[in-house]
Structure formats: C-alpha cells, structure tokens
Amino acid sequence: MLAIGLLVLLHEGGHFFFAKLFGVRVEKFYLFFDPSIWKWDGSLFKFKPKNSDTQYGVGWLPLGGYCKIAGMIDESFDTEQMKQPEQPWEFRSKPAWQRLLIMIGGVLVNFLLALFIYSMILFHWGDTYIPVKDMTMGMKFNQEAKALGFQDGDILLGTDKGTFKDFSADLYRDLSEATRADIIRNGKQMSISLPGDLNLLGMLQSEPRFVSPLLPAEVDSVMPGSPAEKAGLDKGCKILAINGHDVDSYNEFTDQIARLRDVLTTATTTADSMKVRQVTIAYQRKDATCDTTDVTLNADLTLGFFAKSLAGLYKPYTREYGFFESIPAGVKYGWNVLAGYVGDMKYVFTADGAKSLGGFGAIGSLFPPMWDWYLFWKMTAFLSIILAFMNILPIPALDGGHVLFLAYEMITRRKPSETFMIRAEYVGFGILILLMVVANLNDILRWLGYL
C-alpha cells in the first residue's frame, strides 16, 4: 500500500505540475478513488486551501488516484462541464503541445522515479549477485532442456546474445531467444545449438523449471519438532532417496515432493491423504553411514528441513558505485528492466499469458513478508516502470489514449468530437475494469489452487 500510494501520488503529481505550469485549473487531487456511498461523498480526508481552486483528499477505494483537470474528459465523466462555454483556464483551451505534456506528465514522473530509485539503490547498496560462471556445481535441467543437449551439472556461461551475469529472468530470456548457449561440461568449454524461439513463459512456469541452480540435497538446518527431526536428520545429512527414487540434488528432492502433491490432490479420504504423506527416506549421516527410515510428512508435504541456499554455497560479488557512477548505471538497469518487460508483453495475448496475469495479490507477493528497505525500493522501482508503461498504452481512459487522440489532432489539425471522446472513455474504462477483474480473479483461483 505504501509503494502503490507513493507511485500514484507522484504519478498524479506529474499531471498536476504541468497543469499548473500552463495555467490549467485542477479541481481535485486525490490519492485513491472516492465514489460516493449514499449520503457520504467517499472522502476519508479532504481539505481545500484558502484561495485555491484545488480540493485535496484521500478516497476510500485504493485502486489508484486521480487529478481532475478542468475542461477535460476523464474518468470522472463530468459531461456537464463540457457543455459550458470554453474557459481560458481549462485544459481544452490550451495548445495541443501543452495538453500533451500535461497528459504524459504522470508517465514521465514514474519513469524518471524508477531510474532515480535504481540509481540510489546502486549508490547505497551496490550491486550484489552471484556470477553464474561461479556456480561450479552447475545447473539442473528439465527434460525439455535435456532434449536440446543440456546435461545436469553443466555450468552456464552465456549465449550468442552475451555473457550471463546472475541467475535471473534475464538468463531465461536470453536462452529463449539465443541460437547458441556456451557451457562448461566436465571442465571443458563447449556450445549447444538452440532454436532461438523457445517459449519464455513455458520455461518459467514448467515444473520442474527449464533450468535452475543445482543445490545439494544436504540438510543445513532442521525445524524443531518436524518430521525431519523425528527421523533423525540433522545438519550435514544428505538425502539419498525418497520412496525408492534416487535423489541426486535438492532440486530432485523438491521434484519428488511435487509429484506427491499431484497425487495428494486426487486423494478423496483421510486414509488416502495419510498414505501419500507416509514416505520412506534414505539418507547419509555426516560419518558416511547410511540409514533408511519411514516418516510422515507434514500436511503440506514438507519434511521440515532447510537446504543450503546459493548464498551459503557461493560467495556473492558486490560492485560498489560512487554517486556519479550510480546514475548512468541506474539508468541502464532501469532501461533493461523496461525492455525486458515490454518484450514479455507478447505472452499476455496467449492462453498461458492470460492465466499469468495478477492483481493486488500478485503485487503483494512481490514484497517480502518482513520489512526490507532494499527489496521495498527495488519492487517500488519495478512497479513504477510497470505503471509508466501500462499508462502509456494507447487505451482510452489511460494517459496513452489521450496522447493518441492528441497526436491525431496535432497531425490532422482537427480535434476529435466530445461525443467521440466520451464514448471512447467509456470503452477504455470498460476494458480496464475487465482486465482488473481477470487479474484479481486469477489471484483468487491461484489461492484456491485452480491455477
């Protein structure tokens, strides 16, 4: 809520700034929407400074915010005002170039804000990551990747598009578009031919994933009172097998647990569920002796231990940035984030892409369960990039829709009629409501386990 509130406030502030700069009256400036309910006007808080034309406030519906600009057809659908004679302090009386700057002001602020936040993150915290080439245990690949020539344990170096930096979505993106992958296998560098058009969404959503860092199936810590503790597992033990299926890594262990979860979804009785939860674990102790034990997993099919993380296996690398170094580095970082996001938009128009849409639940899941300033600012910058891009899309009711009509006016020297603008606003608003319903419905279906 803090991140969204901050971004909405500054976005609307961008419109407000240019409106005031060009002498356009702003009637209302609101964080969140304030639809009236019965005799209540919908404002949680409002005030109007003396000698000001603007009422400032906070609405009760946290779906965004708005800056009501006089003489403009917007989401307020104030058609009565448009029937009155045109006034010099209204939006519609200003030159097209001024109206254009007013409309892109919010997007401009969000984009510049994201670049500024990324720059300050690099300046304050630096850039900390584990280089992919340093992951000497290599990677774990699924069957699709193995069909292309990858093998478990391969160390990824890069593709014909460039050298890999860290293990992130960019690595998947490069692999999906590359025609060659460079790897180290058994100490020797070699290359694998790739088709150049792999489905990125499929690579990310497949279970198991196309590729993930290989983690040893070694116990790092055990939760008190857990099935793992009752089974005699402690720090340093290695899982060798589960229900007779060999386990060569923690990746394989989680894959086997995922298969059990699939079986559990078909259980119709408590007895069936208990049968799935009762498993046989083979493991090796720190003294190299091996043992086998029967154990009942938790209801969510967890054993109750933690494996070593990447940070526990490899030493992270941190690049420090001075103040003036951080600015171009932050701009480059933000631009790469935007380019990746725009490139991935093509998947939205597929069946799987539509299912991947998320609403407020998905946004909330981006943030950690405990407060972390670094992740807060990083996610806020990412949301600012998304807000800027989504708002500039040429959809009526969004800033991009108004920009599209202004561009038409500047080229043809003719204004679209007010009747057309009002109808377009209704259509655009309907599209936005539909997208919001779909996105938040997806959140609910994911929570219920149907997606």
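# Helices, a sheet and some unusual backbone spots

Visitor: At roughly what angle do the axes of helix 3 and helix 14 cross?
Guide: Happy to start there, bearing in mind that this is a predicted model. Helix 3 covers residues 96-125 and helix 14 covers residues 373-391, and their axes come within 8 Å. The crossing angle is roughly 155°.

Visitor: Is helix 3 roughly parallel or roughly antiparallel to helix 14?
Guide: The axes cross at roughly 155°. Angles over 145 degrees count as roughly antiparallel. Therefore helix 3 and helix 14 are roughly antiparallel.

Visitor: And is the crossing of helix 3 and helix 14 left-handed or right-handed?
Guide: Among the helix 3 residues at this contact are Phe-111, Ile-117 and Trp-125, and the helix 14 side includes Trp-377, Phe-382 and Leu-387. By class, the contact has 16 nonpolar, 4 polar and 1 charged residues. As for its hand, the crossing is left-handed.

Visitor: Is helix 1 oblique or roughly parallel to helix 14?
Guide: Helix 1, residues 2-21, packs on helix 14 with the axes 10 Å apart and an angle of about 45°. Angles under 35 degrees would count as roughly parallel, and 65 to 115 as roughly perpendicular. An angle of about 45° fits neither range, so helix 1 is, relative to helix 14, oblique.

Visitor: How many charged residues does the contact of helix 1 with helix 14 have?
Guide: The crossing here is right-handed. Helix 1 brings Leu-2, Ala-3, Leu-6, Leu-7 and His-11, while the helix 14 side includes Phe-376, Leu-383 and Asn-391. By class there are 8 nonpolar and 4 polar residues, and the number of charged ones is none.

Visitor: Let's turn to the sheet of 4 strands: which are its edge strands?
Guide: This open sheet has antiparallel pairing and the order 8-7-9-10. An edge strand pairs on one side only, and that describes strand 8 (162-163) and strand 10 (188-193). The edge strands are therefore strand 8 and strand 10.

Visitor: Which residue in strand 10 is the bridge partner of Ala-181?
Guide: Strand 9, residues 180-185, runs antiparallel to strand 10, and 6 bridges join them. Within this pairing, the partner of Ala-181 is Ile-192.

Visitor: Where is Asn-186, and is it buried or exposed?
Guide: Asn-186 lies in the loop between strand 9 and strand 10. It has a positive phi of about 55° although it is not a glycine. With a relative accessible area of 76%, over the 50% cut-off, Asn-186 is exposed.

Visitor: What is the relative accessible area of Asn-51?
Guide: Asn-51 is another non-glycine residue with a positive phi, here about 65°. Its place is the loop between strand 2 (43-47) and strand 3 (55-59). Asn-51 is exposed, and its relative accessible area is 77%.

Visitor: Is the peptide bond from Glu-207 to Pro-208 cis or trans?
Guide: Most peptide bonds are trans. Pro-208 sits in the loop between helix 6 and strand 11. The bond from Glu-207 to Pro-208 has omega near 0°, and it is cis.

Visitor: Which helices do the buried residues of helix 5 pack against?
Guide: In helix 5 (residues 169-177), the buried residues are Leu-171, Tyr-172, Arg-173, Asp-174, Leu-175 and Ser-176. They pack against strand 7 (155-159), strand 9 and strand 11 (211-213). The helices they pack against are helix 6 (200-205) and helix 11 (323-344).

Visitor: Finally, what percentage of the residues of the protein count as buried?
Guide: The secondary structure comes to 16 helices and 18 strands. Of the 451 residues, the share that counts as buried is 41%.

Methods
Residues are numbered from 1 along each chain as its sequence is written. This is a predicted model: local features need pLDDT of at least 70, side-chain atom pairs count only at pLDDT 80 or more; totals for chains, interfaces and linings use all residues. Side-chain values use heavy atoms; hydrogens and water are left out. Two strands pair if DSSP finds at least two bridges between them. Helices (H or I, at least four residues) and strands (E, at least two) are DSSP runs, numbered from the N terminus. Axes are lines fitted to C-alpha atoms, for helices over the stretch in contact, and angles run from 0 to 180 degrees between N-to-C directions. A crossing is left-handed if the near helix is turned anticlockwise from the far one by less than a right angle, and right-handed if clockwise. Contact means heavy atoms within 4.5 Å. Ala, Val, Leu, Ile, Met, Phe, Trp, Tyr, Cys and Pro count as nonpolar, Asp, Glu, Lys and Arg as charged, and the others, Gly among them, as polar. Buried means under 20% relative accessible area, exposed over 50%, partly exposed in between (1.4 Å probe, protein chains only).
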